[in-house]
Amino acid sequence: MNEEKYITKKTLQNIGRRLDKTNAFDKSIPEFLSTIASLPEASCWIKPAQMRKALVAARPDDGEQLFDKLGMRIPYRLRDLCRLALYLPHLAEALCVIVERRLKP
């Protein structure tokens, strides 16, 4: 894994623009996550430290506890996290929290 394949602010901005064009913010959570998983940018990796930082920034009161519930200890591709979130409520909640904070216009 090369460093440039990890998620960046620019990657998130690109994802946000694509989601705006598809009206993804108006879709159900499963459709929303599936839309993100289908984007080319979703092939980037997310480190556990990045996930923790984003959750704590979005929810200072319980972001750390939400991260602990995930049990994330290795990097995952955003695409894989979105697909797993369809079956894991805590992961779906975490991704939605991050997306609302980072991507929503």
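Thr35 lies in helix H2, which covers residues 29–37. The model is predicted, and this residue serves as the starting point for a walk through it. Thr35 has a relative accessibility of 13%. Because buried means under 20% relative accessible area, Thr35 counts as buried. The side chain of Thr35 makes a polar contact of 3.4 Å with the side chain of Lys27. Lys27 also appears among the residues that Thr35 contacts once neighbours within four places in sequence are set aside; the others are Leu19, Thr22 and Ala24.

The next stop is helix H5, which runs over residues 78–85. Two of its residues are described here, Leu78 and Leu84. Leu78 is buried, with a relative accessible area of 7%. Leaving out residues up to four places away in sequence, Leu78 touches Ile7, Ile15, Ile36, Ala42, Cys44, Ile46 and Leu95. The separation between Leu78 and Tyr6 is 72 residues in sequence, while their C-alpha atoms are 9.5 Å apart in space.

Leu84 has another setting. Its relative accessible area is 37%. Since partly exposed covers the range between under 20% and over 50%, Leu84 is classed as partly exposed. On the surface, Leu84 joins Leu86, Tyr87 and Leu88 in a nonpolar patch. Together these residues have about 420 Å² of accessible area. Helix H5 thus holds both the buried Leu78 and the partly exposed Leu84.

The view can now widen to the whole protein chain. The chain contains 6 helices and 2 strands. Read from the N terminus, the order of these elements is α-α-β-α-α-β-α-α. The radius of gyration is 13 Å, close to the 13 Å that the globule rule gives for 105 residues, so the chain is as compact as a globular protein of that length. Along its principal axes, the C-alpha trace spans about 35 × 30 × 25 Å.

Contacts and surface complete the picture. Among contacts in the protein chain with a separation of 6 or more, 68% are between residues 24 or more positions apart. Of the 105 residues, 39% count as buried; Thr35 and Leu78 are examples of buried residues. The accessible surface of the chain comes to about 6400 Å². Carbon and sulfur atoms account for 52% of that surface.

Conventions: Residues numbered from 1 in each chain as written. Predicted model: local features only at pLDDT ≥ 70, side-chain atom pairs only at ≥ 80, totals over all residues. Heavy atoms only, no water. Patch = residues over 30% accessible without salt bridge, like charges linked within 9 Å, V, L, I, M, F, W, Y side chains within 5 Å. Areas by Shrake-Rupley, 256 points an atom, 1.4 Å probe, with all protein chains shown as cover. Salt bridge = Lys/Arg side-chain N within 4 Å of Asp/Glu carboxyl O. Helix = DSSP H or I, 4+ residues; strand = E, 2+ residues; numbered from the N terminus. Buried < 20%, exposed > 50% of the residue type's maximum accessible area, 1.4 Å probe, protein only. Polar contact = N/O pair within 3.5 Å; in protein donor to acceptor, adjacent residues only side chain to side chain. Contact = heavy atoms within 4.5 Å. Rg over C-alpha atoms; globule rule 2.2 N^0.38 Å.
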